[in-house]
Amino acid sequence: MSRSGFRIAPSLLSADFARLGEEVRDVIAAGADLVHFDVMDNHYVPNLTVGPLVCEAIRPHCSVPIDVHLMVKPVDRIIPDFARAGASIISFHPEASEHVDRTLGLIHEVGCKAGLVFNPATPLSYLEHVIDKVDLVLLMSVNPGFGGQSFIPSALEKLAAARRRIDASGRDIWLEVDGGVKADNIEAIARAGADTFVAGSAIFGAKDRAGVIRAMRESLKRATMAA
Ligand code: DX5
Ligand code: ZN
């Protein structure tokens, strides 16, 4: 975790895929706490990206945890492959699993942290009976499938509700947000309760990536000051 208690997770979706190893090293040197790895199957979401083979290929370049976001259906079959490929965290969408409790167990069995992902319209009630098995709650602030979309404002209220549930559970669960996160809205997002921030286009699209991450950390510092 970064010294501030917040984590910044650049999403490789906006990286140059022809130079992925170099991109991973560059963004870690720029200050990334995690590397966010978006897996899309052209079935659960309308886009197709990368699988375990590419995860394994970036692993030697990656000195921070790999945060795998599965946007695939079904999910269970592919989980051990990602564990072998070097994932530290594996998150999935509950609608993409027939048996959410079993999928969470499977992720733990292969030695990874387990995350549950909520689309903008997915209710937090999915957490109700499994919160004791969840290590990370990932709230989508865009509809999944593409980088570069705008942050959906209602995600702020949902983050606050998720934060309340997490605090009430008494467990150390990370609250991650994904989609449209930029240096100019990250303070409000942190104030709503997020502690882990995925940012694709904002970081990879910038010439000065270290500068963007620094600006994000400055905003996060403000978020910890009295409201
Ligand atoms: C969207 C992906 C995100 C995406 C975020 O489905 O899950 O991780 O890369 O991209 P930005 O930060 O550009 O919205
Ligand atoms: Zn993602």
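Biologist: What geometry does the site of the zinc ion (ligand 2) have?
Modeller: The site has six donor atoms, with angles of 69 to 169° among them. Donors are N, O and S atoms within 2.8 Å of the metal (3.2 Å for Na, K and Ca), and water is not among the atoms, so sites may look incomplete. Six donors pass the test if opposite ones are over 155 degrees apart and all others between 65 and 115. The site is therefore classed as octahedral.

Biologist: What pLDDT do local features need?
Modeller: Residues are numbered from 1 along each chain as its sequence is written, chains are lettered from A and ligands numbered from 1 in the order written, and side-chain values use heavy atoms, without hydrogens or water. This is a predicted model, where totals for chains, interfaces and linings use all residues, side-chain atom pairs count only at pLDDT 80 or more, and local features need a pLDDT of at least 70.

Biologist: How many residues separate Asp38 and Asp178?
Modeller: The protein donors of the zinc ion (ligand 2) are His36 (NE2), Asp38 (OD), His69 (ND1) and Asp178 (OD), 2.1 to 2.3 Å from the ion. Their spacing along the chain is H-x1-D-x30-H-x108-D. Asp38 sits in strand E2 (residues 35–40) and Asp178 in strand E7, strands being DSSP runs (E, at least two residues) numbered from the N terminus. The pair thus links distant parts of the chain, and the separation is 140 residues.

Biologist: Is Asp178 buried or exposed?
Modeller: Buried means under 20% relative accessible area and exposed over 50%, with partly exposed in between (1.4 Å probe, protein chains only). Asp38, at 7%, counts as buried. Asp178 has a relative accessible area of 8%, so Asp178 is buried.

Biologist: What is the relative accessibility of His93?
Modeller: His93 lies in the loop between strand E4 (89–92) and helix H4 (100–109). Among the residues it touches (heavy atoms within 4.5 Å), not counting those up to four places away in sequence, are His69, Asn119 and Met140. His93 counts as buried because its relative accessibility is 0%.

Biologist: Why do the buried residues of H5 lie on the same side, and what arc do they cover?
Modeller: H5 is a helix (a DSSP run of H or I, at least four residues), and its buried residues are Ala155, Lys158, Leu159, Ala162, Arg163 and Ile166. An α-helix has 3.6 residues a turn, so residues three or four places apart point the same way. The face turned away carries the exposed Glu157, Arg164, Asp167 and Ala168. The buried residues are on the same side of H5 because their arc, taken from the directions from the helix axis to the C-beta atoms, is only 145°.

Terms used
Tetrahedral: all angles 85-135°; square planar, octahedral: opposite > 155°, others 65-115°.
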